[in-house]
Amino acid sequence: MTLLEVEGLRTEFPTSRGVVTAVDDVDLSIESGEIVGLVGESGSGKSVFAESVMGIVESPGRITDGDIRLHGESLLDEGRREAVRGSELSMIFQDPMNSLNPTLPVGEQIAETIRLHQDVGESISLSAELKRKLFGAAKNSEAWRRAVEMLEAVEIPDPAGRATDYPHEFSGGMRQRAMIAMALSCEPDLLIADEPTTALDVTVQAQILDELAGLKEAFDTSILLITHDLAVVAETCDRVNVMYAGEIIERGPVEELFANPQHPYTQGLLASTPRLDADADVRPIEGSVPDLIDIPYACHFAPRCPESDRECFEVAPDFRSVGAGDHEAACLKRGENPELSTGPAEVSDD
Ligand SMILES: Nc1ncnc2c1ncn2[C@@H]1O[C@H](COP(=O)(O)OP(=O)(O)O)[C@@H](O)[C@H]1O
Ligand SMILES: [Mg+2]
């Protein structure tokens, strides 16, 4: 069974200027054992997509359409959502300092997560607060032992010693590793990693991505990896979804999509990524992601697209097959669409 199925998801924020549609009719699926990438420029709606799946969209934002199913069951059902939170789904963020408690030793925070979600060795039902009072300091508890094991799994040196350190005593890379340890400590089926290495230098970034891929195997966790960096996706993911202005515009197996990018936006992103196109000039895409309020043109990329014509502003593109292995792009100028009589890029414009 498909692990995660997102169908027609729409997430909106009412603002004084109008309704921001941050996620606009998005479909995305993840099979067990996959690392799936979600990539796009800043402001595309990637984080809001992740928050929607986690059920943590900031009020007054809310999901207004579509469905999110984990193991076939809808997470829009509050009871189901409560049941999976933290145990089947967990998330790590770009800045671990925002997620780690500065006043507690790192090992203790991981142990607490383990206790809260799994009731390790303490089956009586106590409040979280009371549990922490009773068991929190017990360095010989089962949860503490597992916390140290988790720090070891994410390759923190001297894990037993470092477990008693506070977050500020860790380097940026170690804090991110600690976050990963905490997120994996409840053995989630799906880990959502939102720009997990963006704040780190390139060497540490590569190490952590390697470890994530290794941990995926060890913990049998699927990963949704969110990034603005195509190189990160190329190194890590099985499949990739390219997001632009609230919509997925291209998707497919990683190797196929990078060898044969089809959507003009994906092509632009690739041309603006130095590490992937080492020999070519780095050419940024001109312009920026539009304000996601009432976008008046059918293809959201049309105003920035070197190939767009009037049709692109008027006719919403649906997905067409553009290559092997379910490689699809939503662009009128690509692939086959028998319903449209016009040929590619041949529409005359006034
Ligand atoms: N709490 C919020 N209130 C209003 N708009 C928001 C809120 N959070 C995000 N947005 C808007 O949603 C859009 C997508 O943002 P985001 O998901 O953070 O993009 P990304 O993660 O791809 O950089 C942006 O236009 C952003 O301004
Ligand atoms: Mg983001």
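## Exercises on sheets, pocket and cavity

In this predicted model, two bridges join strand β4 (residues 62-70) to β5, and the two strands run antiparallel. The exercises below start from this pair.

**Exercise 1.** Determine what kind of connection links β4 and β5, and which residue stands opposite Ser-74.

*Solution.* Step 1: β4 and β5 form a hairpin with two residues between them. Step 2: within the turn, His-71 has a positive phi of about 50°. Step 3: the residue that stands opposite Ser-74 in β5 is Arg-69.

**Exercise 2.** Place β4 and β5 in their sheet, and explain why β2 and β5 each have one side without a neighbour in the sheet.

*Solution.* Step 1: the sheet is open and has four strands, in the order β2-β1-β4-β5, with antiparallel pairing. Step 2: β2 (18-30) and β5 (73-74) stand at the edges and have a single partner strand each, so one side of each is left without a neighbour in the sheet. Step 3: helix α1 (residues 46-54) packs on this sheet, where it touches β1 (4-15), β2 and β4. The direction of α1 makes about 110° with that of β1. Step 4: β1 and β4 are paired in the antiparallel sense over seven bridges. As an example from β1 and β4, Glu-7 has Asp-67 in β4 as its bridge partner.

**Exercise 3.** Describe the sheet of eight strands and identify the helices that lie across β6 and β7 and across β9 and β10.

*Solution.* Step 1: this open sheet follows the order β6-β7-β8-β3-β9-β10-β12-β11, and its pairing is mixed. Step 2: the edges are taken by β6 and β11 (320-323); each has a single partner strand, so one side of each is left without a neighbour in the sheet. Step 3: on average, neighbouring strands of this sheet are turned by 25° against each other, direction ignored. Step 4: the parallel strands β7 (residues 190-194) and β8 (residues 222-227) are joined by five bridges, and Leu-190 stands opposite Ser-222 in β8. Step 5: α7 lies across β6 and β7 and runs at about 170° to β6. Helix α11 (residues 264-271) lies across β9 (239-244) and β10 (247-253), at about 100° to β9.

**Exercise 4.** Characterise the largest pocket by its volume, its lining and the domains that contribute to the lining.

*Solution.* Step 1: the volume of the largest pocket is about 450 Å³. Step 2: its lining consists of 20 residues, and Ser-90, Met-91, Thr-113, His-117 and Met-182 lie nearest the centre. Step 3: at least two lining residues come from each of β6 (89-92), α3 (106-118) and α7 (172-184). The largest share, five residues, is supplied by α3. Step 4: by class, the lining has eleven nonpolar, seven polar and two charged residues. Step 5: domain 1 (1-88 + 188-290) and domain 2 (100-186) each provide at least three residues of this lining.

**Exercise 5.** State how many cavities of 30 Å³ or more the whole structure holds, and describe the lining of the largest cavity.

*Solution.* Step 1: the search of the whole structure finds one such cavity. Step 2: the space in the largest cavity is about 70 Å³. Step 3: its lining comprises 13 residues, with Cys-299, Cys-305, Ser-308, Cys-312 and Cys-331 nearest the centre. Step 4: nine of the lining residues are nonpolar, two are polar and two are charged.

Notes:
Residues are numbered from 1 along each chain as its sequence is written. Chains are lettered from A and ligands numbered from 1 in the order in which they are written. This is a predicted model: local features need pLDDT of at least 70, side-chain atom pairs count only at pLDDT 80 or more; totals for chains, interfaces and linings use all residues. Side-chain values use heavy atoms; hydrogens and water are left out. On a 1 Å grid over the protein atoms alone, a cavity is a set of points where a 1.4 Å probe fits but cannot get out, and a pocket is an open set with protein on both sides within 12 Å along at least five of seven lines; lining residues have an atom within 4 Å of a point. Grid points are joined across faces, edges and corners, and a volume is the space filled by probe spheres set on the points. Ala, Val, Leu, Ile, Met, Phe, Trp, Tyr, Cys and Pro count as nonpolar, Asp, Glu, Lys and Arg as charged, and the others, Gly among them, as polar. Domain bounds come from an automatic or database domain assignment. Two strands pair if DSSP finds at least two bridges between them. Axes are lines fitted to C-alpha atoms, for helices over the stretch in contact, and angles run from 0 to 180 degrees between N-to-C directions. Contact means heavy atoms within 4.5 Å.
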